[in-house]
Amino acid sequence: MTMKLEAITLREVRMPLVHFFETSFGRVYERTVLLATVHCDGTDGWGECVADAAPFYSSEWSDSAWITIRRYLAPAVLGQNLTDPREMASLMAKVRGHRMAKAAIENAVWDAEARQKQQPLWKLLGGTQREIPCGVSIGIQDSVEQLLEKIQTELAAGYRRIKVKVKPGWDLKVLERIRSRWPDITLSCDANSAYRLDEIEHLRKFDQFNLLMIEQPLWDDDIYNHSRLQQKLRTAICLDESIRHARDAAQAIETGACRIINVKVGRVGGFTEAKKVHDVCAAQKIPVWCGGMLESGVGRAHNIALSTLHNFQLPGDVSASKRYWKEDIIEPEVEVTPQGTIRVSDEPGTGYRLREDLIEQLTLKKETIRAGAD
Ligand code: OSB
Ligand code: MG
């Protein structure tokens, strides 16, 4: 295969969430989604930049991704003849960081390749699992009662793992209430870096709740202190924010900083690096699962394809479109079976079509960047 990357179209799309989402760093009511379309020899491919509107989860944000793509990433890749989407990462390597911006472009090229070859994206990525187990991530609510009600709804829908967001002041009491109502469900929590190492005694109290894992308790940019914490906890630590690439994964495993890793394709810079993280973990027998960033259907479809790789052994934060959107921008929407799984399509590409008319309606800003132009 060879594909010439002729142009990239960027779109900023705004999508209201059906329910607000609150983490230790704040509450959001809507999602600003940056979509990238790559135009390659008559075939389009779509990617989503998972950065949020503000630089709170990570230092990247929608506007930084837009300008980074326009000024640096697009000029590095436009006009290039690609034989494999894996070449994208090296073309963009001179730009440091900005992994979510890079992932949007690289993943769009994978998407284009799958369409051009008329093959399912999951097969192209090397996936093997045809049905993927799903969990949900439930944000901080106004009251514990509201949270319990939400958990009840998700369990009834069949989801196989409940993850709740925690922060100081919304943690032990909340977990206690959940466990007293559901002693046996698969339960985990995610702190998004809300704790400090001197809170070890407090964090040890999480051990009584038989959690599948505690996700990212400490600083986003710190692996070493997680290894110190993991030594003192029975509960498995799962790293999210701290894992930027396969080397981080290798270091975290070697230092005992975690026993589980959350793979987010945007956080690590695209499918190629996500596969490497997956492979490093598989070789060390560390299970991974696919994280979520409140994606629109474009990113959601890509998360599904990634989740088919064999070491995605735990339920991911990949759930039905309707939990997020009144109307998703793909069709069919992502649906979850009563058994809490997503069945992966055998159709070429992602198996989901874009609702381009709806996307156009939701678009606030649009720009096409072509080879040779500035
Ligand atoms: O830490 O996993 C996280 C959402 C936004 C930013 C960070 C995170 C999350 C989630 C939601 O937990 C996962 C989802 O439902 O997409
Ligand atoms: Mg997380």
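## Exercises on a metal site, a fold and its backbone

Both D190 and D240 are buried. The model that carries these residues is predicted, and the exercises below read it from the metal site outward.

**Exercise 1. Identify the residues that coordinate the magnesium ion (ligand 2), and work out which parts of the chain the pair D190 and D240 ties together.**

Step 1. The magnesium ion (ligand 2) is coordinated by side-chain oxygens, namely OD of D190, OE of E215 and OD of D240, at 2.1 to 2.3 Å.

Step 2. Written along the chain, the donors of this ion follow the spacing D-x24-E-x24-D.

Step 3. D190 belongs to strand β8 (residues 187-190), while D240 sits in the loop between β10 (237-239) and α9 (246-254), so the pair joins parts that are 50 residues apart in sequence.

Step 4. As for burial, D190 and D240 both fall in the buried class, for which the relative accessible area must be under 20%.

**Exercise 2. Decide whether the radius of gyration of the protein chain agrees with that of a compact globule, and describe the extent and burial of the chain.**

Step 1. For 374 residues a compact globule would have a radius of gyration near 21 Å, and because the protein chain has 20 Å, the two agree.

Step 2. The C-alpha trace spans about 60 × 40 × 35 Å along its principal axes, and the chain that it follows has 12 helices and 16 strands.

Step 3. Of the 374 residues in the protein chain, 60% are buried, and among the contacts with a separation of 6 or more, 72% come from residues 24 or more positions apart.

Step 4. The surface exposed by the protein chain is about 15,300 Å², of which carbon and sulfur atoms supply 46%.

Step 5. Turning to charge, the chain has 50 positive and 52 negative charges, and the mean positions of these two sets are 3 Å apart.

**Exercise 3. List the buried residues of helix α8 (residues 224-232), and name elements that cover them.**

Step 1. In helix α8 the buried residues are N225, H226, S227, L229 and Q230.

Step 2. The cover over these residues includes α7 (200-204) and β10.

**Exercise 4. For I369, G316 and L212 in turn, find the burial class and the contacts made with residues beyond four places in sequence.**

Step 1. I369 lies in strand β16 (residues 363-370), and its relative accessibility of 7% makes it buried, because the class is set at under 20%.

Step 2. Beyond four places in sequence, I369 touches E6, A7, I8, L10, R70, A74 and L78. From R31, which is 338 residues away along the chain, the C-alpha of I369 is separated by 24 Å.

Step 3. G316 is placed in the loop between α11 (297-306) and β13, and with 5% relative accessibility G316 counts as buried.

Step 4. Its contacts beyond four places in sequence are with P133, C134, G135, R161, W289 and C290; the C-alpha atoms of G316 and R160, 156 residues apart in sequence, are 9.3 Å apart in space.

Step 5. L212 is in the loop between α7 and β9 (214-215), and at 27% relative accessibility L212 is partly exposed.

Step 6. L212 touches R161, T186, L187, S188, A236, I260 and L314, leaving aside residues within four places in sequence. R96 is 116 residues from L212 along the chain, and their C-alpha atoms are separated by 34 Å.

**Exercise 5. Examine the backbone at H98, K285 and P332, and place each of these residues in the chain.**

Step 1. Most residues other than glycine have a negative phi, and most peptide bonds are trans.

Step 2. Against that background, H98 has a positive phi of about 50° although it is not a glycine. H98 lies in the loop between α2 (87-91) and α3 (99-117), and with a relative accessible area of 30% H98 is partly exposed.

Step 3. K285, likewise not a glycine, has a positive phi of about 60°. The loop between α10 (271-283) and β12 (288-290) holds K285, which is exposed at 72% relative accessibility.

Step 4. The peptide bond from E331 to P332 is cis, with omega near -10°, and P332 is found in the loop between β13 (330-331) and β14 (341-343).

Definitions and conventions
Residues are numbered from 1 along each chain as its sequence is written. Chains are lettered from A and ligands numbered from 1 in the order in which they are written. This is a predicted model: local features need pLDDT of at least 70, side-chain atom pairs count only at pLDDT 80 or more; totals for chains, interfaces and linings use all residues. Side-chain values use heavy atoms; hydrogens and water are left out. Helices (H or I, at least four residues) and strands (E, at least two) are DSSP runs, numbered from the N terminus. The radius of gyration is taken over C-alpha atoms; the globule rule is 2.2 Å times the number of residues to the power 0.38. Buried means under 20% relative accessible area, exposed over 50%, partly exposed in between (1.4 Å probe, protein chains only). Contact means heavy atoms within 4.5 Å. Accessible areas come from the Shrake-Rupley method with a 1.4 Å probe; for residues, only the protein chains shown count as cover. Lys and Arg count as positive and Asp and Glu as negative; His and the chain ends are not counted. The place of a charge is taken as NZ of Lys, CZ of Arg, CG of Asp or CD of Glu. Donors are N, O and S atoms within 2.8 Å of the metal (3.2 Å for Na, K and Ca); water is not among the atoms, so sites may look incomplete.
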